[in-house]
Amino acid sequence: MFAILTRLAPSNKVDPITKLKIYNGEEVIEKGMTRKVDIFELKEEAPREGMTGISTRFIMKVLDTTLSESDHNCINPISVMETLVKSVKELAISDEERERYLRFVQDSIRKEYNKILEKEITKAFIHGYREQAESLFNNYLDHAEAFVNKTKIKDRNTGEELEPDEKFLRSIEEQIGITDTAAKGFRADVTAYMFYVLRNGGKLDFNSYEPLKEAIEKKLTASVKELSRVITQAKVRDKEQSEKYDTMVEEMKKNGYCDHCCNVILKYAANNLWKD
């Protein structure tokens, strides 16, 4: 990401990170809605884009240096970013260019990495909370459908007919920045998409609709104090917290982390993502 950012020309339409994601074929979602930007218009803005910037050789050297300086025969994004900063400071480039490159690493890339890391940890943490995620998903669907169709919900336990719980719906939607005015449209979109999946023989679960999945994951980890207590390797952790921590580490190790990198990354997360 750093190497590509150094090769992108500034745009009046989007910020550098958004431009990078669009060029990478990603959908850029803002406040629950997909942001549409014409990639050809971006290319027309800068015909010679990509012809200057950080080289592949520089990146390979950074990775090589990071690994050679490691005491654990492994590297992680934190150590790579540290080496990137040192290496950029040693480059024979103008002060203005060096300042721009350092901003990319220390600001844009770090913020983006924090988002990626939060998702990775959340995914590992939620692995043991699948039932809760599915329950929130099904409840949201029931209430959103009732809201859109102006009907009531029948309580599965008591048989009572209840009005859709807008307070509950908003508690989910707010997680991804959906405003009061946009909420009605979002609920209609979710309901329409779910009917589309069912009509085409698909199966519904909390992974079915990406914006709603993201909102549910954030809702589940909104109580970050508990998550932070689990992540921070405190001297005193009760049995349940230790089990949660161990489960999370095992899940992360399945996705490429080693024990040392898990320790480094989770401590970084505790210090930078959930300070309070």
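Me: What makes the approach at the start of α8, between a side-chain oxygen of D165 and the backbone nitrogen of K167, a polar contact?

Reply: In this predicted model, the oxygen of D165 comes to within 3.1 Å of that nitrogen of K167. A polar contact is a pair of N or O atoms within 3.5 Å, where, within protein, one atom must be able to donate a hydrogen and the other to accept it, and where residues adjacent in sequence count only if both atoms are side-chain atoms. The distance within 3.1 Å therefore meets the limit of 3.5 Å.

Me: How do you know which residues and atoms may be judged in this way?

Reply: Residues are numbered from 1 along each chain as its sequence is written, and side-chain values use heavy atoms, with hydrogens and water left out. As this is a predicted model, local features need pLDDT of at least 70 and side-chain atom pairs count only at pLDDT 80 or more, while totals for chains, interfaces and linings use all residues.

Me: What makes a stretch of the chain a helix or a strand, and how many of each are there?

Reply: Both are DSSP runs numbered from the N terminus, helices being H or I with at least four residues and strands being E with at least two. Counted like this, the protein has 13 helices and 4 strands, and helix α8 covers residues 166-173.

Me: Why is E173 called buried?

Reply: Buried means under 20% relative accessible area, exposed means over 50%, and partly exposed lies in between, with a 1.4 Å probe and protein chains only. E173 has a relative accessible area of 0%, so this residue of α8 falls under the limit for buried. R170, which is also found in α8, has 13% relative accessibility and therefore counts as buried too.

Me: What surrounds E173 and R170?

Reply: Contact means heavy atoms within 4.5 Å. Leaving out residues up to four places away in sequence, E173 touches Y140, I178, A183, F186 and R187, and the side chains of E173 and R187 are also joined by a polar contact of 2.7 Å. R170, with its neighbours within four places left aside, is in contact with I178, T179, D180, A183 and R187.

Me: Why is α8 described as largely enclosed?

Reply: The description follows because 6 of its 8 residues are buried, namely F168, L169, R170, S171, I172 and E173. These buried residues pack against α7, α9 (180-199) and α10 (210-220).

Me: What makes a group of residues a nonpolar core, and which residues touch the most other members of the largest one?

Reply: Such a core is a set of buried Ala, Val, Leu, Ile, Met, Phe, Trp, Tyr and Cys residues joined through side-chain atoms within 4.5 Å. The largest core has 37 residues, and F2, L117, M248 and M252 touch the most other members. Several helices supply at least two residues each, among them α1 (2-5), α4 (56-68) and α12 (239-254), while α6 gives the most, with 10 residues. A second, separate core of 22 residues includes F137, A144, Y209 and A215.

Me: Why is H72 called partly exposed, but N73 exposed?

Reply: H72 is found in the loop between α4 and α5, and its 45% relative accessibility places it in the range between buried and exposed, so it counts as partly exposed. N73 lies in the loop between α4 and α5 as well, but its relative accessible area of 69% is over the limit, and therefore it is exposed. By the scale already given, N263 in helix α13 counts as partly exposed because its relative accessibility is 27%.

Me: What makes the backbone of N73 and K150 worth a second look?

Reply: N73 has a positive phi of about 60° although it is not a glycine, and K150, likewise not a glycine, has a positive phi of about 55°. K150 is found in the loop between α7 (130-149) and β3 (153-154), and it is called exposed because its relative accessible area is 73%.

Me: How many of the residues in the whole protein are buried, and what are its spans?

Reply: Buried residues make up 38% of the 276 residues, and the C-alpha trace spans about 75 × 55 × 35 Å along its principal axes.
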